[in-house]
Amino acid sequence: MIEQVRPAEVQAWMDELAAARPLLLDVREPWEVQTASVTGAGYEVLALPMASIPARLRELDPERPVACLCHHGARSQRVAQFLDQQGFAHVANVAGGIDAWSLECDPAVPRY
């Protein structure tokens, strides 16, 4: 089962795993990232559209913790499951996506 992390919990999740260099993987389309995005406070954010993940899998380190983010949490859940099936050691889904991020963490992040 994929770990579910609420946006308000992401920073604590990242801090807990800081030694392993956790990654926030934004799997939304480029236009969505341009519309609303987040920046990592002490962690890396990488935007790779969901459809590109299989072809670009080698760009990701399977030993590095990954939290997947999308608009509402459905696409990121699918990507998290895919990464888990590919042997990634520590994968989580940001439940509620960037929409929940705007509501829970940063109202400056536009809702769309």
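This passage describes the fold of a predicted model, from the whole chain down to single residues.

The protein chain contains five helices and five strands. Along the sequence they follow the pattern β-α-β-α-β-α-β-α-β-α. The C-alpha trace spans about 35 × 30 × 25 Å along its principal axes. For 112 residues, a compact globule would have a radius of gyration near 13 Å. The protein chain has 13 Å, so its value agrees with that of a compact globule. Of the 112 residues, 46% count as buried. The accessible surface comes to about 5,900 Å². Carbon and sulfur atoms hold 52% of that surface. Many contacts bridge long stretches of sequence: among those with a separation of 6 or more, 68% join residues 24 or more positions apart.

The five strands form one open sheet. Their order is 1-5-4-2-3, and the pairing is parallel. Strand 1 (3-5) and strand 3 (44-47) stand at the edges. Each has a single partner strand, so one side of each is left without a neighbour in the sheet. Neighbouring strands are turned by 30 degrees against each other on average, direction ignored. In general, strands of a sheet pair through backbone hydrogen bonds, and the pairing can be parallel or antiparallel.

Strand 4 covers residues 66-69, and strand 5 covers residues 91-94. Three bridges join these two strands, which run parallel. Within this pair, A67 has A92 of strand 5 as its bridge partner. C68 stands opposite N93, also in strand 5. Strand 4 pairs with strand 2 as well, again in the parallel sense, over four bridges. Here D26 stands opposite L69 of strand 4. The chain passes from strand 4 through helix 4 to strand 5. This β-α-β crossover is right-handed.

Both faces of strand 4 are covered. V66 and C68 lie on one side, and A67 and L69 lie on the other. All four of these residues are buried.

Two helices that touch strand 4 were examined further. Helix 4 (residues 74-85) packs on the sheet. The strands it touches are strand 1, strand 2 (23-26), strand 4 and strand 5. The direction of helix 4 makes about 180 degrees with that of strand 5. Helix 5 (residues 97-104) lies across strand 2, strand 4 and strand 5. Helix 5 runs at about 95 degrees to strand 4.

One residue of helix 4 shows the packing in detail. Q77 is found in this helix. The relative accessible area of Q77 is 18%. Buried means under 20%, so Q77 counts as buried. Leaving aside neighbours within four places in sequence, Q77 is in contact with I2, Q4 and N93. Of these contacts, N93 is also the residue that stands opposite C68 in the sheet.

A last feature concerns the backbone. R21 is found in the loop between helix 1 (7-16) and strand 2. The phi angle of R21 is near 55 degrees. This is a positive value in a residue other than glycine.

Key. Residues numbered from 1 in each chain as written. Predicted model: local features only at pLDDT ≥ 70, side-chain atom pairs only at ≥ 80, totals over all residues. Heavy atoms only, no water. Pairing = 2+ DSSP bridges. Axes fitted to C-alpha atoms, helices over the stretch in contact; angles between N-to-C directions. Contact = heavy atoms within 4.5 Å. Buried < 20%, exposed > 50% of the residue type's maximum accessible area, 1.4 Å probe, protein only. Right-handed = clockwise from strand over helix to strand, strands pointing away. Rg over C-alpha atoms; globule rule 2.2 N^0.38 Å. Areas by Shrake-Rupley, 256 points an atom, 1.4 Å probe, with all protein chains shown as cover.
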